[in-house]
Amino acid sequence: EVKSVSHVIEEKGTRLRLTVTDTPGFGDQINNENCWLPILEYINEQYEKYLSEEQSVTRKKHIPDTRVHCCLYFVPPTGHSLTPLDVEFMKRLDKCVNIVPVIAKADTLTLEERSNFKQRIREDLQKHGISVYPVQEFEDDPEETVLNNKIRASIPFAVVGSDKQHTVNGRTVYGRQTQWGLVEVENRHHCEFPDLRDMLIRTHMQDLVEVTKTVHYENFRHERLQARHGHMNGHSMNIVNLNESSL
């Protein structure tokens, strides 16, 4: 199941419409064979909508952009490594969208466990040839490379989430209350949610859109038009899973 919710966020007079798409239940079945197909189909459907608008004779001046610019891939805090399902899905996912891996409920790990878990995940990503954002080959600015190297060293981001408010020294904060104390969501000493938020909203938002446009959408567009051309020439082509052609 794929669910989308849109919000309007505003900072310093700038308004932005942000759409968050959730996929509850992914990987929870006894048989998870091809469980990633609805998600890949949803991503490709958004590309197809955009392509149709681009090619319309009476296309709009500003085409509504429902393309998925970033996928936050949540990894359970097992402390071990990526599961075979994680690997198989991300190998398909990185062909069509920017992936940012995230460790969920990171407060269940000690600092040492968290550090070791992050390192094992990075090793798994490299071992299986999975590209995650930011991708180094798309960089051409030395300053950008320095910033992105810091981000790559932090991936996967270890985050904690909560919608509960607490008062700490006169401040109202979001956090998770445990018997050992309060884990603050926006405290960099407690988790890496602030780093993830800053990357997505403040420092790399435009770049995420640009990489989607020039890499992932362009790949889809090329394969889609090539498939149409092949069909017009009498050659039937299966284009259901366009992004799996390079696996």
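# Burial, salt bridges and packing in a predicted model

Student: Why is R67 called buried?

Tutor: The relative accessible area of R67 is 7%. The model is a predicted one, and the cut-off for buried is under 20%. The value for R67 is 7%, so R67 counts as buried.

Student: What makes R67 and D65 a salt bridge?

Tutor: The closest N and O atoms of R67 and D65 are 2.8 Å apart. The rule asks for a side-chain nitrogen of Lys or Arg within 4 Å of a carboxyl oxygen of Asp or Glu, and 2.8 Å meets it, so the pair counts.

Student: Is D65 buried or exposed?

Tutor: D65 has a relative accessible area of 36%, which makes it partly exposed. That class lies between the 20% and 50% cut-offs.

Student: How do you know that R171 and E184 form a salt bridge?

Tutor: Their closest N and O atoms are 3.7 Å apart, and the limit is 4 Å, so the pair qualifies. R171 lies in strand β7 and E184 in strand β8 (residues 181–184), so the bridge ties together parts that are 13 residues apart in sequence. R171 is partly exposed at 42% relative accessibility, whereas E184 is buried at 10%.

Student: What makes E54 and R221 a link between distant parts of the chain?

Tutor: The side chains of E54 and R221 meet in a salt bridge at 3.9 Å, N to O. E54 is in helix α1 and R221 in helix α6, 167 residues apart. E54 has a relative accessible area of 26% and R221 one of 29%. Both values fall between 20% and 50%, so both residues count as partly exposed.

Student: How many salt bridges are there by this rule?

Tutor: The count is 15. Some of the charged residues are joined in a network: E186, R188, D195, R197, D198 and R202.

Student: Why is D86 said to have no salt bridge?

Tutor: The nearest side chain of opposite charge, R92, is 12 Å away from D86. A salt bridge needs a distance within 4 Å, so D86 and R92 do not form one. D86 is buried all the same.

Student: What does the side chain of D86 make a polar contact with?

Tutor: The partner is the side chain of Y73, at 2.6 Å. The cut-off for a polar contact is 3.5 Å, so this distance is within it. Leaving aside residues up to four places away in sequence, D86 touches Y73 and V75.

Student: Which elements do the buried residues of α2 pack against?

Tutor: They pack against α1 (37–55), β3 (71–75), β4 (99–103) and α3 (111–127). Helix α2 covers residues 84–93, and its buried residues are D86, V87, F89, M90, R92 and L93.

Student: Which residues have the most contacts inside the largest nonpolar core?

Tutor: They are I43, L93, F157, L196 and M199, in a core of 46 residues. Elements giving two or more residues to this core include α1, α2 and α6 (205–232). The largest share, 7 residues, comes from α1. As for F157, its contacts include V100, I151, L196 and M199.

Student: What makes β6 and β7 a pair of strands?

Tutor: Pairing takes at least two bridges, and 4 bridges join β6 (residues 165–168) to β7 (residues 171–178), so they pair. The two strands run antiparallel. H166 has V173 in β7 as its bridge partner. The hairpin has 2 residues between the strands, and N169 takes a positive phi near 50°.

Notes:
Residues numbered from 1 in each chain as written. Predicted model: local features only at pLDDT ≥ 70, side-chain atom pairs only at ≥ 80, totals over all residues. Heavy atoms only, no water. Buried < 20%, exposed > 50% of the residue type's maximum accessible area, 1.4 Å probe, protein only. Contact = heavy atoms within 4.5 Å. Lys, Arg positive; Asp, Glu negative; His and termini not counted. Polar contact = N/O pair within 3.5 Å; in protein donor to acceptor, adjacent residues only side chain to side chain. Core = buried A, V, L, I, M, F, W, Y, C linked by side-chain atoms within 4.5 Å.
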